[in-house]
Amino acid sequence: MYSQNEAELVAIGQSIGEKLQAGDVLVLTGDLGAGKTTLTKGIAQGLGIQQMIKSPTYTIVREYEGRLPLYHLDVYRIGDDPDSIDLDDFLYGGGVTVIEWGELLDATFLDDHLNLFLEHLGDGRKISGKAQGPRSQALLEEIFHD
Ligand code: ADP
Ligand code: MG
């Protein structure tokens, strides 16, 4: 998928947010400024969250209440030490988890999750996905083939 501008990326996020179910885990990978937080803003809108999404850079996790709870994590600050936070508290429960990835962390401790990759392409952003499990495969097909 391609988004020409920030508003289009928010709209893509919103349509993703509308498709999410409890226990879904999304991992967003991309350079600083690639649009991970922007996409998360759209996902929050799709979950019916009214609150402003702020980058959780300093807090690591922010929780929002919508149609489903949203746990928004930015693990950039954790570096390569996943033990510094108990991610299990925010995974595979009654909510949706969106993790802005620090690139350094390896995702092997995650169960079924959908990877979304954001890249600069011209003035816009390219969005691609890779499923890691049956639920994320179904979600991937819903998101990219609708
Ligand atoms: P990240 O969380 O990946 O570091 P952000 O979402 O915080 O990235 O920031 C993306 C920045 O890029 C914003 O300042 C936004 O205005 C800008 N931008 C420019 N073009 C686009 C686009 N096509 N899609 C999304 N963001 C864009
Ligand atoms: Mg961010």
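Modeller: Start with a cut-off. A residue is buried under 20% relative accessible area, exposed over 50%, and partly exposed in between. Keep in mind that this is a predicted model.

Colleague: Then how does Tyr92 count, buried or exposed or partly exposed?

Modeller: Tyr92 counts as partly exposed because its relative accessibility is 33%. The residue sits in the loop between S4 and S5.

Colleague: What is notable about the phi of Tyr92?

Modeller: General idea first. Most residues other than glycine have a negative phi. Now the case here. Tyr92 is not a glycine, yet its phi is positive, about 55 degrees. Compare Gly48, just after H2, with a positive phi of about 75 degrees.

Colleague: Let me try two more loop residues. How do Asn5 and Glu65 count, buried or exposed or partly exposed?

Modeller: Asn5 has 38% relative accessibility, so it counts as partly exposed. Glu65 is exposed, because its relative accessible area is 54%.

Colleague: Where are these two found?

Modeller: Asn5 is in the loop between strand S1 (2-3) and H1. Glu65 is in the loop between strand S3 (61-64) and S4.

Colleague: How do I read a distance in sequence against a distance in space?

Modeller: Look at both numbers for one pair. Asn5 and Asp123 are 118 residues apart along the chain, but their C-alpha atoms are separated by 7.5 Å. Glu65 and Leu47 are 18 residues apart in sequence, with 8.7 Å from C-alpha to C-alpha.

Colleague: What else do their side chains and contacts show?

Modeller: The side chain of Asn5 reaches the backbone nitrogen of Ala7 at 3.2 Å. Glu65 is in contact with Ile49 and Gln51, leaving aside neighbours within four places in sequence.

Colleague: What does the whole chain look like in helices and strands?

Modeller: Count three helices and seven strands. Along the sequence the pattern reads β-α-β-α-β-β-β-β-β-α.

Colleague: How much of the chain is buried, and how much area does it expose?

Modeller: Of the 146 residues, 51% are buried. The chain exposes about 7300 Å², and carbon and sulfur atoms supply 47% of that. Contacts tell you about the fold as well. Take the contacts with a separation of 6 or more: residues 24 or more positions apart account for 58% of them.

Colleague: Now helix H2. Is it mostly covered or mostly open?

Modeller: Mostly covered. H2 spans residues 36-46, and nine of its eleven residues are buried. Among them are Lys36, Leu39, Ile43 and Gly46.

Colleague: How do I think about which way helix residues point?

Modeller: An α-helix has 3.6 residues a turn, so residues three or four places apart point the same way.

Colleague: Which elements do the buried residues of H2 pack against?

Modeller: One helix and four strands are named: H1 (6-19), S2 (25-29), S4 (70-74), S5 (96-100) and S6 (113-121).

Colleague: Show me one residue of H2 in detail.

Modeller: Take Thr40, which lies in helix H2. It counts as buried because its relative accessibility is 0%. Beyond residues up to four places away in sequence, Thr40 touches Leu28, Ile53, His72, Val98 and Glu100.

Colleague: Next, the metal. Which protein atoms are donors to the magnesium ion?

Modeller: Thr37 (OG1) and Glu100 (OE) are the protein donors of ligand 2, lying 2.1 to 2.3 Å from the ion. They link distant parts of the chain: Thr37 is in helix H2 and Glu100 in strand S5, 63 residues apart. Both Thr37 and Glu100 are buried.

Colleague: And ligand 1? Which residues come nearest?

Modeller: There are 17 residues around ligand 1, and Glu6, Gly33, Lys36, Thr37 and Thr38 come nearest. By class, the shell has three nonpolar, eight polar and six charged residues.

Colleague: Which polar atoms approach ligand 1?

Modeller: Three cases. A polar backbone atom of Gln4 is 3.4 Å from a nitrogen atom of ligand 1. A polar side-chain atom of Glu100 lies 3.2 Å from an oxygen atom of the ligand. An N or O atom in the side chain of Arg125 is 3.0 Å from an oxygen atom of ligand 1.

Colleague: How much of ligand 1 does the protein bury?

Modeller: Taken alone, ligand 1 exposes 580 Å², and the protein buries 72% of that. H1, H2 and strand S7 (124-132) are the elements that give two or more residues to its shell. H2 gives the most, with three residues.

Conventions
Residues numbered from 1 in each chain as written. Chains lettered and ligands numbered in written order. Predicted model: local features only at pLDDT ≥ 70, side-chain atom pairs only at ≥ 80, totals over all residues. Heavy atoms only, no water. Buried < 20%, exposed > 50% of the residue type's maximum accessible area, 1.4 Å probe, protein only. Contact = heavy atoms within 4.5 Å. Near = heavy atom within 4 Å. Polar contact = N/O pair within 3.5 Å; in protein donor to acceptor, adjacent residues only side chain to side chain. Areas by Shrake-Rupley, 256 points an atom, 1.4 Å probe, with all protein chains shown as cover. Nonpolar A, V, L, I, M, F, W, Y, C, P; charged D, E, K, R; others polar. Donors = N, O, S within 2.8 Å, 3.2 Å for Na, K, Ca; no water.
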